[in-house]
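Please look over the sequence and the model below before reading on. The paragraphs that follow go through charged pairs, aromatic rings, one helix and a loop.

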Amino acid sequence: MALTNEEIGEQVERIGAAAPFHGASTERARQPFALERTWREGARYVGLRIRVDDVYAAAYQRPGQYTTLQVGEQAARFFAIASAPGAGTGWEFLVDAESEAGLLFDALADKTPIAVSMPEGRGFPVEQAVARPVLLFTTGSGVATMRACLDYWERNPQLRPSAAALYYGEASGADFAFCEDLERWRAWGVRVFLAQGQCEDPTTGYRYVQQAFEADRPLLEDAFVFLSGASVMLRAVAEKLLLLGVSPQQLFTNV
């Protein structure tokens, strides 16, 4: 049954407002773990790897889950885990280099202790996507959650979707993160579409992930849709898909 405009508006608002139930500053149990290394990831980001223990690694069950990180007396902040569940105890993260957290992490020496809380959030239902098409929409550092999904499927080929498309947006071409991963995902069949906010000529590329989706024209029946990134993108994509007849039960955020 088709949704009414009012029902579509309610679903768009629900998806666009998705956020953790408890704020990052809420008291949580945290354990100190060593910063293993940092690196620059594209022009916009700092990547970091923290070595957690087996208990933490086992608690990470689904791609898209997140944790809080805290350095000293600095405020704790949410970060999505950018590595796949089951990939070991080296958790990787993607941080905006010009943010307060990015400047802090970029200046830290290796082995600096960072307080880490247990994984939170629903994550994405990758285990339900076996042999079904999956569409992944993301902008900015939200790509960390999609990297976790795609690396999970790369590590578990028997659980892969029947088809996968990644629609990933950044402000400029220099900002894209995980460029080597993008090529590796393409190699096993992921359709990768990159949108640049600074793209002015529609004949040379896409400005928005919605435009990349329109050019791709994927089959939507039975597709799972994973969404992570800026609220304005979440709302725009959700509205477009719902108007095309996609069910709200096919749309997933990680929180």
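**Charged pairs and their surroundings**

At 28% relative accessibility, R44 counts as partly exposed, since the buried class ends at 20% and the exposed class begins over 50%. This value, like the others here, comes from a predicted model. The side chain of R44 meets that of D96 in a salt bridge, with N and O 3.4 Å apart. The two partners come from distant parts of the chain: D96 belongs to strand 5 (residues 90–96), while R44 sits in the loop between strand 1 and strand 2 (45–51), and 52 residues separate them. D96 is partly exposed as well, at 25% relative accessibility.

Side chains of opposite charge can pair when their charged atoms come close. How many salt bridges does the count give? The count comes to 19 salt bridges. One of them joins D106 and R40, whose closest N and O atoms are 3.9 Å apart. Because D106 lies in helix 3 (residues 100–107) and R40 in strand 1 (residues 30–41), this pair ties together parts that are 66 residues apart in sequence. D106 is partly exposed at 37% relative accessibility, and R40 is partly exposed at 44%.

Another salt bridge is formed by the side chains of D216 and R191, at 2.7 Å from N to O. D216 is in helix 6 (residues 209–216) and R191 is in strand 9 (residues 191–196), so the bridge ties together parts that are 25 residues apart in sequence. Is D216 buried or exposed? With a relative accessibility of 17%, D216 counts as buried. R191, at 29%, counts as partly exposed.

Salt bridges can also be followed from residue to residue. A network of them links E36, R49, R51, E92, R147, D151, E154, D181 and R184. R147 has a further role in this account, since the charged end of R147 sits over the ring of F178, 4.4 Å from the centre of that ring. A second arginine placed over a ring is R37, which lies over the face of W39 at 4.1 Å from the ring centre.

**Aromatic rings**

A pair of aromatic rings is described by the distance of the centres and the angle of the planes. A search of the whole structure finds 15 aromatic pairs. In one of them, F33 and Y56 are arranged edge-to-face, with 4.9 Å between the centres and 75° between the planes. This pair links distant parts of the chain, as F33 is in strand 1 and Y56 is in helix 2 (residues 54–59), 23 residues apart. Both F33 and Y56 are buried.

Y167 and F193 form a stacked pair, 5.4 Å from centre to centre and with 25° between the planes. The angle counts as stacked because it falls under 30 degrees. Here too distant parts of the chain are linked: Y167 is in strand 8 (residues 163–170) and F193 is in strand 9, 26 residues away. Y167 is buried, with a relative accessible area of 0%, and F193 is buried at 15%. Elsewhere, ring pairs link F124, W153, F224, F226 and F252 into a cluster.

**Helix 1**

Helix 1 (residues 5–16) has 12 residues, which at 1.5 Å a residue should span 16 Å. The C-alpha atoms at its ends are 16 Å apart, in agreement with that expectation. Which residues of helix 1 are buried? They are I8, V12, I15 and G16. These residues cover an arc of only 95° around the axis, so they lie on the same side of helix 1. What covers them includes strand 10 (224–228), helix 7 (231–243) and strand 11 (251–252).

**A loop with positive phi values**

Most residues other than glycine have a negative phi. Two residues in this model can be set against that rule. R217, which is not a glycine, has a positive phi of about 50°. Phi of D222, also a residue other than glycine, is positive and near 70°. Where is R217 found? R217 is in the loop between helix 6 and strand 10, and D222 is found in the loop between helix 6 and strand 10 too. R217 counts as exposed at 72% relative accessibility, whereas D222 is partly exposed at 45%.

Key: Residues are numbered from 1 along each chain as its sequence is written. This is a predicted model: local features need pLDDT of at least 70, side-chain atom pairs count only at pLDDT 80 or more; totals for chains, interfaces and linings use all residues. Side-chain values use heavy atoms; hydrogens and water are left out. A salt bridge is a side-chain nitrogen of Lys or Arg within 4 Å of a carboxyl oxygen of Asp or Glu. Helices (H or I, at least four residues) and strands (E, at least two) are DSSP runs, numbered from the N terminus. Buried means under 20% relative accessible area, exposed over 50%, partly exposed in between (1.4 Å probe, protein chains only). Rings of Phe, Tyr and Trp (its six-membered ring) pair if their centres lie within 6.5 Å; planes under 30 degrees apart count as stacked, over 60 as edge-to-face and the rest as tilted. A charge sits over a ring if NZ of Lys or CZ of Arg is within 6 Å of the ring centre and within 35 degrees of the ring normal. The expected span of a helix is 1.5 Å times one less than its number of residues. The arc is that of the directions from the helix axis to the C-beta atoms. Contact means heavy atoms within 4.5 Å.
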